[in-house]
Amino acid sequence: MTDLSHLAWPFFGEPHRQFATSLDRWADKSVSKLLDHADVDQTCRALVHALGDAGWLKAVVPAAYGGLSEKIDVRTICLAREILAWHDSLADFAFAMQGLGTGSISLFGSDALKARYLPAVCEGHHIAAFALSEPAAGSDVSALATTATSDGPAHVRLDGVKTWISNGGIADHYVVFARTGEAPGAKGLSAYVVDADTPGLTVLERIDVIAPHPLATLRFQECRVPLTHRLGASGEGFKVAMATLDIFRSTVGAAALGLARRALHEAVERAATRTLFGRPLGDLQMTQASLADSAAEVDAAALLVYRAAWSKDGGAERITRESSIAKMFATEIGQKVIDRAVQIFGGNGVRVGSKVEALYREIRALRIYEGATEVQKVIIGRELLKAQAASQSSRRGVE
């Protein structure tokens, strides 16, 4: 079972502690029974259904539609992702995509859209997806080329290609971002909920990656969508995307934290039980130094992740800088901690089927998706400069 000692930190209330300890017990008993990595699609479906049946997906929707809290509680989602990632990355993936694929609906959807999609997602009966990236537009959202053009008084027609879409091919709905042209760049986008069986929506290809999960390229060709499926106002797509990522970006850091904690756990156990030159591996000062670096970095990552989540739950309208720092630091540190664990395991650390070998593959994508590390640095730097400019303007006003 994962290390939950940080639940004593002041970031958390008693409901968070109860949720985390109960989820960890459930995951310890249930997750391994649901895994069949020979069929990733079926595994993810089984995980979503099990998470819904057990009530854990209540964390990703508001209470009015079957959820735990009046609004999405970011600390709860971070705790869930950390704990599930510790047990298995596909379990984390299945949980996280239910949140990311409906977060925009929770934040910007009409009452009718919320009622239609959120309860089914919460119950694990409906699989969600978030379709933002394109072949020429990943981190640069302003470069989106998919279009949404008027098709009569009550519909739009989507045309374009989306790629790197998690749950692509198994999702029941996609939140799709397209260019509606109200203004150039990011200001001319809108967001729509598109059912997977909508005519004109096809899966072009499934994408295989080093840590397998459902991933696909989608084509929208004269895909007719009701205007009632738009999220927010026309031209607010960038706002919808950024507000959603503002919540879920720090949870990527939480997933990396869970992977790093598992790697540290495996490394400590290995160091305590492996004999080298007639002594436990852990008696070597170099091993102790490696473990010490990892322990300090794991705690630092946890503090940044839960600082960001606590800030959002405390009422901050945006946590752009905090969530970017959490995501950047936790994913980069996760890679380092896991790499050290592989080194401590020696040859067995790169043996296919070993836990640390799997962790090594699983952490890598987290440094890329929902904004690569380099993009997070640009965001953080830009936020610092904006704050400085605002401070200077304020001082001039006082003077």
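What follows is a chat between a trainee and a mentor about the structure shown above, which is a predicted model.

Trainee: Before the details, how many helices and strands are in the protein chain?
Mentor: The protein chain has 10 helices and 10 strands, and its C-alpha trace spans about 80 × 65 × 40 Å along the principal axes. Keep in mind as we go that this is a predicted model.

Trainee: What would the radius of gyration be for a compact globule with 399 residues, and what does this chain have?
Mentor: A compact globule with 399 residues would have a radius of gyration near 21 Å, and the protein chain has 22 Å, which agrees. Of those 399 residues, 54% count as buried, and the accessible surface comes to about 17,200 Å², with 54% of that surface belonging to carbon and sulfur atoms.

Trainee: And what share of the contacts join residues at least 24 apart?
Mentor: If you take the contacts between residues at least 6 apart in sequence, 73% of them join residues at least 24 apart.

Trainee: OK, on to the inside: which residues in the largest nonpolar core touch the most other members?
Mentor: That core has 118 residues, and the ones touching the most other members are Trp 26, Phe 95, Leu 158, Tyr 174, Phe 177, Val 194 and Tyr 306. Helix α6, which covers residues 237-273, gives the most to this core, with 18 residues. As general background, nonpolar side chains in soluble globular proteins tend to be buried together.

Trainee: Pick Val 194, then; what does it touch beyond residues up to four places away in sequence?
Mentor: Val 194 touches Leu 158, His 173, Tyr 174, Val 176, Leu 201, Phe 220, Cys 223 and Val 225.

Trainee: How many aromatic pairs does the structure hold?
Mentor: There are seven aromatic pairs. One of them joins Phe 12 and Tyr 306 in an edge-to-face arrangement, at 4.8 Å centre to centre with 70° between the planes. Phe 12 lies in the segment before α1 and Tyr 306 in helix α7, so this pair ties together parts that are 294 residues apart in sequence.

Trainee: Are those two rings buried or exposed?
Mentor: Phe 12 and Tyr 306 are both buried. For another pair, look at Phe 130 and Phe 177, whose ring centres are 5.2 Å apart with the planes at 65°, so this pair is edge-to-face. Phe 130 is in strand β1 and Phe 177 in strand β4, 47 residues apart, and the pair links these distant parts of the chain. Phe 130 and Phe 177 are both buried as well.

Trainee: Which residues do ring pairs link into a cluster?
Mentor: The cluster consists of Trp 9, Phe 11, Phe 12, Tyr 306 and Trp 310.

Trainee: Changing topic, which residue lies over the face of Trp 86?
Mentor: That is Arg 262, at 4.3 Å from the ring centre of Trp 86.

Trainee: What about backbone angles: what is phi of Trp 164, and of Asn 167?
Mentor: Phi is near 60° for Trp 164 and near 70° for Asn 167, so it helps to recall the general background that most residues other than glycine have a negative phi. Trp 164 lies in strand β3, and at 52% relative accessibility Trp 164 counts as exposed. Asn 167 lies in the loop between β3 and β4 and is buried, with a relative accessible area of 3%.

Trainee: Back to helix α7, where does Ser 290 make contact outside its neighbours within four places in sequence?
Mentor: Ser 290, which lies in helix α7, is in contact with Arg 340 and Ile 344. The C-alpha atoms of Ser 290 and Ala 341 are separated by 8.6 Å, although these residues are 51 apart along the chain. At 15% relative accessibility, Ser 290 counts as buried, because the cut-off for buried is under 20%.

Trainee: And Thr 287, what is that in contact with, leaving aside the same kind of neighbours?
Mentor: Thr 287, also in helix α7, is in contact with Ala 271, Leu 281, Gly 282 and Ile 344. Thr 287 is buried too, with a relative accessible area of 8%.

Trainee: Last one: where does Ser 234 lie, and what does it touch?
Mentor: Ser 234 lies in the loop between β8 and α6, and counts as partly exposed at 35% relative accessibility. Not counting residues up to four places away in sequence, Ser 234 touches Thr 180, Glu 182 and Ser 190. The C-alpha atoms of Ser 234 and Glu 182 are separated by 7.8 Å, with their positions 52 residues apart along the chain.

Definitions and conventions: Residues numbered from 1 in each chain as written. Heavy atoms only, no water. Helix = DSSP H or I, 4+ residues; strand = E, 2+ residues; numbered from the N terminus. Buried < 20%, exposed > 50% of the residue type's maximum accessible area, 1.4 Å probe, protein only. Contact = heavy atoms within 4.5 Å. Core = buried A, V, L, I, M, F, W, Y, C linked by side-chain atoms within 4.5 Å. Phe/Tyr/Trp six-rings, centres within 6.5 Å; stacked < 30°, edge-to-face > 60°. Lys NZ or Arg CZ within 6 Å of the ring centre and 35° of its normal. Rg over C-alpha atoms; globule rule 2.2 N^0.38 Å. Areas by Shrake-Rupley, 256 points an atom, 1.4 Å probe, with all protein chains shown as cover.
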